[in-house]
Amino acid sequence: MQAPLKLLLLNELYKHRAFGFKYTHFEKKLEAQSFNSFKNIEHLKQSIWQCNLCTLSKSKKNSVFGEGNLNAKLLFVGEAPGSTEDECGRPFTGRAGELLTKIIENVLHLKREDVYLANILKCRPPKNRTPSLEEAKMCKPFLFEQIKLIKPKIIVALGATSYQHLTNDFESKISRIRGSEIPFGDAILVPTYHPSFLLRNPSAKKDVYYDMLKVKSIYEKI
Ligand code: URA
């Protein structure tokens with residue numbers, strides 16, 4: 001290997017080690033399990049803000065960590081920040097977010113501040129394209145650390161992308177799997193449609209309504 005290339009690689013490795021990766025294998029370092037645990041949510045937030053593991057960190061205005069009750073029993077996981085979220089650094093603040101807030105308030109009878117909202121990706125993909133597998137692989141460990149710290153009892157996967165990257169099940173169709181209760185570590189995962197999908201397909205709102213009634217009934221029991 002040429003010297004400048006070696007230096008560049010070494011530089012990358014040092015940077016990743018500072019983020020807590022172990023360098024037993026170059027590919028492995030991108031796996032969720034290879035993260036060291038973070039002390040607390042602020043520590044994790046800081047690491048996300050400094051992250052440059054993928055090119056999205058170059059185009060982002062803000063990384064969007066997530067927000068809500070740090071002791072929430074219920075966590076919603078979306079896909080990635082859109083333009084509104086990128087502008088303000090907060091999740092679900094655009095039209096899809098407004099609809100999600102209505103669902104939380106009017107169907108679950110909770111406040112947005114009672115639950116926690118996060119995404120598979122912390123940075124906005126250009127033109128809101130679907131996150132790539134590589135981007136999701138690199139960013140997911142942050143979400144899993146967030147889940148470890150918040151310890152939700154119910155996780156609602158909003159849309160196929162969220163469901164797929166949370167579970168690594170790329171086969172099941174969201175239209176079939178939605179509304180099911182899937183064991184997910186110490187939590188129950190309930191996939192449903194993404195609110196952006198509902199904005200384009202209002203007739204699917206009734207499906208989400210039934211999925212949320214299920215979530216409500218689990219919520220009230222735990
Ligand atoms: N806003 C988010 O924060 N996540 C999404 O998945 C969509 C909009």
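Here are some questions and answers about a predicted model and the ligand it holds. Residues are numbered from 1 along each chain as its sequence is written. Because the model is predicted, local features need pLDDT of at least 70 and side-chain atom pairs count only at pLDDT 80 or more, while totals for chains, interfaces and linings use all residues; side-chain values use heavy atoms, leaving out hydrogens and water.

Q: Why is E135 called buried?
A: Buried means under 20% relative accessible area, exposed over 50%, and partly exposed in between (1.4 Å probe, protein chains only). E135 has 7% relative accessibility, so E135 counts as buried.

Q: What does E135 touch, leaving aside residues up to four places away in sequence?
A: C54, L56, L121 and R129. A contact here means heavy atoms within 4.5 Å.

Q: Why is I103 called buried?
A: Its relative accessibility is 12%, so I103 counts as buried. I103 touches L108, L198, V208 and M212, not counting residues up to four places away in sequence. With V208, the C-alpha atoms are 8.8 Å apart in space, although the two residues are 105 apart in sequence.

Q: Which residues surround the ligand?
A: They are G78, E79, A80, E85, P91, F92, N119 and H194. A residue is near a molecule if one of its heavy atoms lies within 4 Å of it.

Q: What makes the pairing of E85 with the ligand a polar contact?
A: A polar contact is a pair of N or O atoms within 3.5 Å; within protein, one must be able to donate a hydrogen and the other to accept it, and residues adjacent in sequence count only if both atoms are side-chain atoms. An N or O atom in the side chain of E85 is 2.9 Å from a nitrogen atom of the ligand. A backbone N or O atom of E79 lies 2.8 Å from a ligand oxygen, and for a backbone N or O atom of F92 the distance to a ligand oxygen is 3.0 Å.

Q: What is noteworthy about the phi of F92?
A: F92 is not a glycine, yet its phi is positive, at about 50°. Most residues other than glycine have a negative phi. F92 lies in the loop between α4 (83-88) and α5 (95-106).

Q: Is F92 buried or exposed?
A: F92 has a relative accessible area of 6%, so F92 is buried.

Q: Is K151 buried or exposed?
A: K151 has a relative accessible area of 59%, so K151 is exposed. K151 also has a positive phi, of about 55°, although K151 is not a glycine.

Methods. Helix = DSSP H or I, 4+ residues; strand = E, 2+ residues; numbered from the N terminus.
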